[in-house]
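Dear colleague,

I am passing on a structure that I have been going through, and I would be glad if you could open it beside this message. My notes follow below it, in the order in which I would look at things.

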Amino acid sequence: MSTPETSRFVRLHVELVVEVDDENVLTKAALGRMAEDAEIPGDERAHAESTVTHNTAEALAYLVDPFDLVADVPGVELAQASWSSEHIDYDPDSPDWDLDEDDDASDDASDGQAVTG
């Protein structure tokens with residue numbers, strides 16, 4: 001439902017916490033994707049390879065593409081995206097990690113589903 005005062009743009013906030021079970025597999029996948037990317041200039045390639053080799057969070061960020069989240073969603077086109085990754089201390093039993101804490105934050109927000117494994 002759209003009115004003249006309603007923007008066509010929607011900011012979608014997604015926060016994921018992933019557990020890296022095998023750093024070597026993750027790093028090799030990132031390096032493999034880089035090897036296939038002919039658009040990376042040589043000097044940037046060397047720096048990127050070093051970064052993903054020494055930092056699994058960077059390797060993950062290299063492999064995750066926000067475009068993939070909406071590529072098959074009908075009626076939308078990605079206008080802008082940014083993302084980052086970082087190592088964190090995670091305790092799934094801590095109330096600090098309550099996924100439902102922002103449910104009532106906005107009447108305009110759509111309810112999402114939390115997936116935990």
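Which are the buried residues of H3? Please keep in mind while looking that this is a predicted model. The buried residues of H3 are Thr56, Ala57, Ala59, Ala61 and Leu63, and the cover over these buried residues includes H1 and H2.

To put that helix in its setting, the secondary structure of the protein chain consists of four helices and zero strands, so that, as the DSSP runs define them, the order of elements from the N terminus reads α-α-α-α. Of the 117 residues of the protein chain, 14% count as buried, and the chain exposes about 10700 Å², of which carbon and sulfur atoms supply 47%. Among contacts between residues at least 6 apart in sequence, 48% join residues that are at least 24 apart.

The largest nonpolar core is made up of eight residues, namely Leu26, Ala30, Met34, Ile40, Ala48, Val52, Ala59 and Leu63. To this core H1, helix H2 (42–54) and H3 each supply at least two residues, and H1 gives the most, with three. Leucine 26, one of the core residues, is in contact with Val20, Thr56, Ala59, Leu60 and Leu63 once its neighbours within four places in sequence are left aside.

The start of H3 repays a careful look. Asparagine 55 caps the N-terminal end of H3, with a side-chain oxygen 2.9 Å from the backbone nitrogen of alanine 57. Threonine 56 is found in H3 itself, which covers residues 56–63, and the residue counts as buried because its relative accessibility is 11%, under the cut-off of 20%. Leaving out residues up to four places away in sequence, threonine 56 touches Glu23, Leu26, Thr27 and His87.

Histidine 54, by comparison, has its place in helix H2 and is exposed, because its relative accessible area is 69%, where the cut-off is over 50%. Histidine 54 and threonine 27 are 27 residues apart in sequence, and their C-alpha atoms are 8.6 Å apart in space.

Two further places on the outside may be of interest. A nonpolar patch on the surface is formed by Leu12, Val14, Leu16, Val18, Val20 and Leu69, which together have about 590 Å² of accessible area. Within this patch, leucine 16 lies in the segment before helix H1 (23–36), and it counts as exposed because its relative accessibility is 63%. Val20, another member of the patch, is also among the residues that leucine 26 contacts, so a reader following the contacts of leucine 26, taken as heavy atoms within 4.5 Å, will come from the core to the patch.

The other place is aspartate 68, which lies in helix H4 (residues 66–70) and is exposed, with a relative accessible area of 53%. Aspartate 68 and leucine 78 are 10 residues apart in sequence and 9.7 Å apart in space, taken from C-alpha to C-alpha.

If you have time for a single view, I would begin with leucine 26 and threonine 56, which are in contact with each other, and then follow H3 to Leu63, which is buried and belongs to the largest nonpolar core.

With kind regards

Conventions: Residues numbered from 1 in each chain as written. Predicted model: local features only at pLDDT ≥ 70, side-chain atom pairs only at ≥ 80, totals over all residues. Heavy atoms only, no water. Patch = residues over 30% accessible without salt bridge, like charges linked within 9 Å, V, L, I, M, F, W, Y side chains within 5 Å. Areas by Shrake-Rupley, 256 points an atom, 1.4 Å probe, with all protein chains shown as cover. Salt bridge = Lys/Arg side-chain N within 4 Å of Asp/Glu carboxyl O. Buried < 20%, exposed > 50% of the residue type's maximum accessible area, 1.4 Å probe, protein only. Core = buried A, V, L, I, M, F, W, Y, C linked by side-chain atoms within 4.5 Å. Polar contact = N/O pair within 3.5 Å; in protein donor to acceptor, adjacent residues only side chain to side chain.
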